[in-house]
Amino acid sequence: HVMGQQVLTLGLSCAQGFVPIDSELFTGKTNVVDLAAPFKDGRSIAAQRHRAALNQTKPEMARAMIARAQRGGIDAQYLLADAWFGTKPMIVMAEDALLTAIVRMKKNTMKYRHRLYTPDKVVCRDLDLCALYQSAVRGQWEKVAGQPYQSKTVVVDLNLNDPRDEVARWIKVRLLFVRGVANSDKAQPGKHDWCVFLTTDTKLDPRKILELYAMRWAIEVYFKESKQHLGFLQEQARHYACYVASIHLTAIRFCLLVIAKQQHGASGVAQVRQAIVGNATQ
């Protein structure tokens, strides 16, 4: 509804379902629409959140949300995030919060230190994902048991600090390269049809990594449900405080549906919503 604005949401995904925990409004640097009018009180919560939206980065917002969740008693084991958050600051944040990170990575210029063991010596090379694929993955795919995927795992070292810093912070991470197996309408997966997941637990096997990362999809379902049926940012008011309230009111509506789903043993939130709508209509 407002150019340049994005909603950053933290949620808890588990076997019982998904619930949103916290949300922030993030304001980008391009195509930004200014406020229609300045805040009457710059000390108000809405004004404070607007300044945070302008001045904080997404990783900083994510760090603050996760810290609030942990202080509130949310004891999570893994941090799942898509490629937007496949960055060193997010991995650092997961390490500092004692969370095991499982994030999808972009095929960018980030370097990983790969060790090649030979009978005579150990050769260390700093490679990006594409070079690492050519060196250690291509032609070495293995079938993932019980899944329609092929994979290859590589354990590498990653410097969490900027390479220009005097002090390095090296950790071992496991990279999982994945591609789909050939299907009826495509004889063979293309050479670019692969993606990479990173985890800070080097002992996780490929199937477990994929099963855990699949739980992140629940947040996409939450956004779809919120936008289509729960009034996400559909209020007519255009004050910044209204945007903040709308996001959290939508989360409360979703949580009420989750509670109803648990109480009535429904298969999903959509089933409960449809039953409530049907009862209200009758």
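Student: Where is L233 placed, and why is L233 called buried?

Tutor: In this predicted model, L233 has its place in the loop between α6 and α7. Its relative accessibility is 15%, and since buried means under 20% relative accessible area, L233 counts as buried.

Student: What is to be said of the phi of L233?

Tutor: L233 has a positive phi of about 55° although it is not a glycine. Most residues other than glycine have a negative phi.

Student: How do you know whether R238 is buried, partly exposed or exposed?

Tutor: R238, which also has its place in the loop between α6 and α7, has a relative accessible area of 47%. Buried means under 20% and exposed means over 50%, with partly exposed in between, so R238 is partly exposed. As for its surroundings, the C-alpha atom of R238 is separated by 8.2 Å from that of A36, although the two residues are 202 residues apart along the chain.

Student: Why is L98 called exposed?

Tutor: The relative accessible area of L98 is 75%, and because exposed means over 50%, L98 is exposed. L98 lies in the loop between α3 (88-96) and β4 (100-105), and its phi is near 60°, a positive value in a residue other than glycine.

Student: How do you know that the span of helix α7 agrees with its number of residues?

Tutor: Helix α7 covers residues 240-264, and at 1.5 Å a residue its 25 residues should span 36 Å, the expected span being 1.5 Å times one less than the number of residues. The end C-alpha atoms of α7 are 37 Å apart, which agrees. Just after α7, G265 takes a positive phi of about 65°.

Student: What makes the nonpolar surface patch that includes L256, and why is L256 called exposed?

Tutor: The patch, of about 380 Å², is made by L249, I252, L256 and I259. L256 is found in helix α7, and its relative accessible area is 55%; since exposed means over 50%, L256 is exposed. An α-helix has 3.6 residues a turn, so residues three or four places apart point the same way.

Student: What makes up the lining of the largest pocket, and which element gives the largest share?

Tutor: About 950 Å³ of space lies in the largest pocket. Of the 37 residues that line the pocket, the closest to its centre are T9, L10, G11, L80 and I219. The elements giving two or more residues to the lining are β1 (5-14), β2 (17-27), α2 (58-71), β3 (78-81) and α6 (217-229), and the largest share, nine residues, comes from β1.

Terms used:
Residues are numbered from 1 along each chain as its sequence is written. This is a predicted model: local features need pLDDT of at least 70, side-chain atom pairs count only at pLDDT 80 or more; totals for chains, interfaces and linings use all residues. Side-chain values use heavy atoms; hydrogens and water are left out. Helices (H or I, at least four residues) and strands (E, at least two) are DSSP runs, numbered from the N terminus. Patches are made of residues with over 30% relative accessible area and no salt bridge: like charges are joined within 9 Å, nonpolar side chains (Val, Leu, Ile, Met, Phe, Trp, Tyr) within 5 Å. Accessible areas come from the Shrake-Rupley method with a 1.4 Å probe; for residues, only the protein chains shown count as cover. A salt bridge is a side-chain nitrogen of Lys or Arg within 4 Å of a carboxyl oxygen of Asp or Glu. Buried means under 20% relative accessible area, exposed over 50%, partly exposed in between (1.4 Å probe, protein chains only). On a 1 Å grid over the protein atoms alone, a cavity is a set of points where a 1.4 Å probe fits but cannot get out, and a pocket is an open set with protein on both sides within 12 Å along at least five of seven lines; lining residues have an atom within 4 Å of a point. Grid points are joined across faces, edges and corners, and a volume is the space filled by probe spheres set on the points.
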